[in-house]
Amino acid sequence: MTKLFLSGPLFTLAEREFNAGLARFLDAQGFEVWLPQERAPRGGAKAIFQSCVKGIEWADAVVACMDGPDPDSGTAWEVGYAYARRKPIVCYRSDFRSGGDTKGTPYNLMLSGAATARIELPSKANAADLHRQVVTQIRKALRVRAAKR
């Protein structure tokens, strides 16, 4: 079973509900999902940090949300760490506002460049559209990784 670390902001009810829905969908597709908001340990900031590091190391791939004028700083760190660990990274953006540094990058250039696959949804897309595209891109990213071995 492919193990995924689901990275994204989790500070609002809307963010947590969206993350949980994506995790349920991925689970139903046969993936094992590490959702940090469901694994928040007791013990404060250091314990949360260590839990997220453990989750990224456990995972076969990372799925990361790039929404917002500037993607969440914790998510940005998780993408960087996953990149350093040579994990496939699927970045998605459901936010149709432009936030990129350079032409062709809808968000931070370093995050765009770290992505194995990028999904940018049009304004009329819905969660089901995103879910389908995420699964497709995860499978492609894992095939690319396997071919490189």
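## Strands around strand 1

Two strands are said to pair if DSSP finds at least two bridges between them. In this predicted model, strand 1 (residues 3-7) and strand 2 (residues 32-34) meet that condition, since they pair in the parallel sense over 3 bridges. Strand 1 is also joined to strand 3 (residues 61-65) by 4 bridges, and these two strands run parallel as well.

One residue of the first strand helps to show both contacts: F5 has W34 as its bridge partner in strand 2, and F5 stands opposite V62 in strand 3. Strand 1 as a whole is mostly covered, with 4 of its 5 residues buried. If the chain is followed from strand 1 through helix 1 to strand 2, these three elements make a right-handed β-α-β unit.

## A tilted pair between helix 1 and strand 4

The structure holds 4 aromatic pairs. One of them is formed by F18 and Y92, whose ring centres are 6.3 Å apart and whose planes meet at 40°, so this pair is classed as tilted. Because F18 belongs to helix 1 (residues 13-28) and Y92 to strand 4 (residues 89-93), the pair ties together parts of the chain that are 74 residues apart in sequence.

How do the two partners stand with regard to the surface, buried or exposed or in between? F18 has a relative accessibility of 29% and therefore counts as partly exposed, whereas Y92, at 1%, counts as buried.

## A stacked pair within helix 3

W77 and Y81 form an aromatic pair of the stacked kind, with 5.1 Å from centre to centre and 10° between the planes. Both residues lie in helix 3 (residues 73-84), and because they are 4 residues apart there, about one helical turn separates them.

With a relative accessibility of 40%, W77 counts as partly exposed, while Y81, at 18%, counts as buried; the value for Y81 falls on that side because the cut-off for buried is under 20%. The two rings also belong to a wider group, in which F49, W77 and Y81 form one aromatic cluster.

## A charge over two rings

Aromatic rings in this model also take part in contacts with a charged side chain. The charged end of R39 sits over the ring of W34, 3.9 Å from the centre of that ring, and the charged end of R39 also sits over the ring of W58, at 5.9 Å from its centre. W34 thus appears twice in this account, as the residue beneath the charged end of R39 and as the bridge partner of F5 in strand 2.

Definitions and conventions:
Residues numbered from 1 in each chain as written. Predicted model: local features only at pLDDT ≥ 70, side-chain atom pairs only at ≥ 80, totals over all residues. Heavy atoms only, no water. Phe/Tyr/Trp six-rings, centres within 6.5 Å; stacked < 30°, edge-to-face > 60°. Buried < 20%, exposed > 50% of the residue type's maximum accessible area, 1.4 Å probe, protein only. Lys NZ or Arg CZ within 6 Å of the ring centre and 35° of its normal. Right-handed = clockwise from strand over helix to strand, strands pointing away.
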